[in-house]
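Colleague: I am new to reading protein models, and I would love some help with this one. Could we go through it together, a question at a time?

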Amino acid sequence: MTTDTTTKDATPGAAVPGETVLDARGVTMRFGGLTAVRGVDLTVNAGEIVGLIGPNGAGKTTFFNCLTGLYIPTEGEVRYKGNVLPPKSFKVTAAGIARTFQNIRLFANMTVLENVLVGRHTRTKEGFWSAVLRGPGFHKAEKASRDRAMELLQFVGLDHKSEHLARNLPYGEQRKLEIARALASEPGLLLLDEPTAGMNPQETRATEELVFAIRDMGIAVLVIEHDMRFIFNLCDRVAVLVQGEKLVEGDSATVQGDERVVAAYLGEPFENAPGAEEVAEVEAAEAHAETAAETAAEADAETTAEADAETPAETTAQTAEADAETTDETAEADAETTTDAAPGKENDR
Ligand SMILES: Nc1ncnc2c1ncn2[C@@H]1O[C@H](COP(=O)(O)OP(=O)(O)O)[C@@H](O)[C@H]1O
Ligand SMILES: [Mg+2]
């Protein structure tokens with residue numbers, strides 16, 4: 001399927017070579033006093049794989065949310081194939097942009113095939129009455145949808161698991177299923193938010209091949225990833241976000257050789273091990289708790305004779321405990337979201 005740009009047709013599908021698929025200009029997203037994304041310009045052309053990298057908290061996911069209608073940017077404009085995007089995520093999907101999420105969102109209690117079929121709903125013409133009456137048109141459309149869904153499952157290597165419940169898939173396969181579901185909306189641009197997080201090196205390598213294959217199908221790709229080998233193998237261009245701003249953009253060599261990029265990453269692992277983000281957070285919380293406990297113990301020792309001075313020490317120790325508990329709870333809450341995740345829930349990431 002080709003799209004005639006001269007008519008500014010927003011129908012998705014394979015783009016015209018060289019066409020600007022995504023054009024984000026001056027995108028700014030503020031949450032109260034915090035500017036998570038500041039004046040970011042980014043284009044993705046047909047046939048390109050573009051990388052978006054940056055330290056944790058740089059604003060990468062927020063930027064994706066601005067591109068997909070989950071957030072309405074405070075300032076700036078996003079165009080897809082020349083048309084300004086509608087401010088609703090399902091309309092953005094219908095226009096031709098599909099995405100996967102940093103924290104996997106699948107219908108855990110649906111089968112693998114059903115999850116992909118859900119992804120097709122923006123492309124099926126059969127409406128409500130057709131579904132209720134279940135006439136020949138409905139059955140024909142349903143069969144076509146199932147065939148396409150099976151094709152996509154085969155493409156990502158999950159066709160043999162079509163009847164398994166999504167929740168029973170290993171993590172790496174859940175990520176692949178999310179990609180199949182995103183492809184089911186027949187996008188012209190696919191946004192991937194940390195597609196290899198939690199994958200082993202073999203799975204990461206396979207995902208690289210999968211992204212090349214998606215590009216070869218005529219779908220432009222914008223990918224966020226911490227694994228620098230993955231990014232620099234894959235991407236034609238890489239943009240670096242730091243504290244919400246685009247620091248550098250260029251080919252792999254340009255970005256890798258840029259001192260500011262190296263400085264921005266100092267202290268951050270270049271190739272994040274699976275779950276490194278969470279490990280780092282837990283370690284930081286533990287370190288914080290230990291320091292606070294030590295301070296409290298010292299304060300205790302120093303002030304044994306002074307009964308009045310015990311209160312601040314206890315308070316510090318309690319704060320440390322409370323901090324550690326909060327971190328645990330956050331980790332649990334995160335885990336729950338991942339398992340029960342549903343695309344209907346419009347969370348921020
Ligand atoms: N819905 C929100 N409300 C308030 N702050 C948010 C929200 N979403 C993200 N942020 C903040 O915006 C910043 C960027 O976050 P995020 O886009 O998730 O970064 P990244 O994906 O690069 O790790 C962080 O400081 C984060 O806490
Ligand atoms: Mg993120």
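Modeller: Happy to! Keep in mind that this is a predicted model. A good place to begin is ligand 1, where β2 (34-45) and α1 (60-67) each supply at least two residues of the surrounding shell.

Colleague: Which element gives the most to the shell around ligand 1?

Modeller: The shell around ligand 1 holds 13 residues, and Phe31, Ala36, Lys60, Thr61 and Thr62 are the closest. β2 and α1 each bring at least two residues to that shell. With three residues, the element that gives the most is α1.

Colleague: How do the residues of that shell divide into nonpolar, polar and charged?

Modeller: Lys60, Thr61 and Thr62 are among the closest of the 13 residues there. Sorting the whole shell by residue type gives four nonpolar, six polar and three charged.

Colleague: Let us stay with α1. How many of its residues are buried?

Modeller: A residue counts as buried if 20 or more other C-beta atoms lie within 10 Å of its own. In α1 that applies to Lys60, Thr61, Thr62, Phe63, Phe64, Asn65, Cys66 and Leu67. The helix is therefore largely enclosed by the rest of the structure, and the buried count is eight of the eight residues.

Colleague: And β2, which sheet is it in, and which strands are the edge strands?

Modeller: β2 belongs to an open sheet of four strands, ordered β2-β1-β4-β5 with antiparallel pairing. An edge strand pairs on one side only, and here that describes β2 and β5 (83-84).

Colleague: Which residue in β5 does Arg79 stand opposite?

Modeller: Strand β4 covers residues 75-80 and pairs with β5 in the antiparallel sense over two bridges. Across from Arg79, in β5, stands Val84.

Colleague: Now a strand with parallel partners. Which residue of β8 is the bridge partner of Val50, and which is the partner of Leu191?

Modeller: Strand β3 (residues 49-53) pairs with β8 in the parallel sense over four bridges. β7 also pairs with β8 in the parallel sense, over five bridges. For Val50 the partner in β8 is Leu222, and for Leu191 the partner in β8 is again Leu222.

Colleague: Why is β8 largely enclosed by the rest of the structure?

Modeller: In a regular strand the side chains alternate between the two faces of the sheet. Here Ala220, Leu222 and Ile224 point one way from β8, while Val221 and Val223 point the other way, and all are buried. β8 (residues 220-224) is largely enclosed because the buried residues number five of the five.

Colleague: How many residues are in the largest nonpolar core?

Modeller: In soluble globular proteins, nonpolar side chains tend to be buried together. In this model, Leu153, Ala180, Leu189, Leu190, Val221 and Leu222 touch the most other members of the largest nonpolar core. Leaving aside residues up to four places away in sequence, Ala180 touches Val116, Leu152, Leu153, Val156 and Leu158. The number of residues in that core is 71.

Colleague: Val116 is in helix α3. Within what arc do the buried residues of α3 fall?

Modeller: The buried residues of α3 (residues 112-119) are Val112, Leu113, Asn115, Val116 and Gly119. Looking down the helix axis, they line one face, because they fall within an arc of 160°. What covers them includes α5 (136-156) and α6.

Colleague: Then back to the arc, please: what was its value?

Modeller: The buried residues of α3 line one face of the helix, so the value to remember is the arc of 160°. You can look for that face on the side covered by elements including α5 and α6. Again, the arc is 160°.

Colleague: Is Glu186 buried or exposed?

Modeller: Glu186 is found in the loop between α6 (171-183) and β7 (189-193). Most residues other than glycine have a negative phi. Glu186 has a positive phi of about 50° although it is not a glycine. With 20 other C-beta atoms within 10 Å, Glu186 is buried.

Colleague: What is the phi of Gln243, in the turn between β9 and β10?

Modeller: β9 (237-242) and β10 (245-250) flank the loop that holds Gln243. The two strands run antiparallel, joined by five bridges, and they form a hairpin with two residues between them. Gln243 is partly exposed, with 15 other C-beta atoms within 10 Å. Its phi is positive, about 45°.

Conventions:
Residues are numbered from 1 along each chain as its sequence is written. Chains are lettered from A and ligands numbered from 1 in the order in which they are written. This is a predicted model: local features need pLDDT of at least 70, side-chain atom pairs count only at pLDDT 80 or more; totals for chains, interfaces and linings use all residues. A residue is near a molecule or strand if its C-beta atom, placed from the backbone, lies within 6 Å of it. Ala, Val, Leu, Ile, Met, Phe, Trp, Tyr, Cys and Pro count as nonpolar, Asp, Glu, Lys and Arg as charged, and the others, Gly among them, as polar. Two strands pair if DSSP finds at least two bridges between them. A residue is buried if 20 or more other C-beta atoms lie within 10 Å of its own, exposed if 12 or fewer, and partly exposed in between; C-beta atoms are placed from the backbone. The arc is that of the directions from the helix axis to the C-beta atoms. Two residues are in contact if their C-beta atoms, placed from the backbone, lie within 7 Å. A nonpolar core is a set of buried Ala, Val, Leu, Ile, Met, Phe, Trp, Tyr and Cys residues joined through C-beta atoms within 7 Å.
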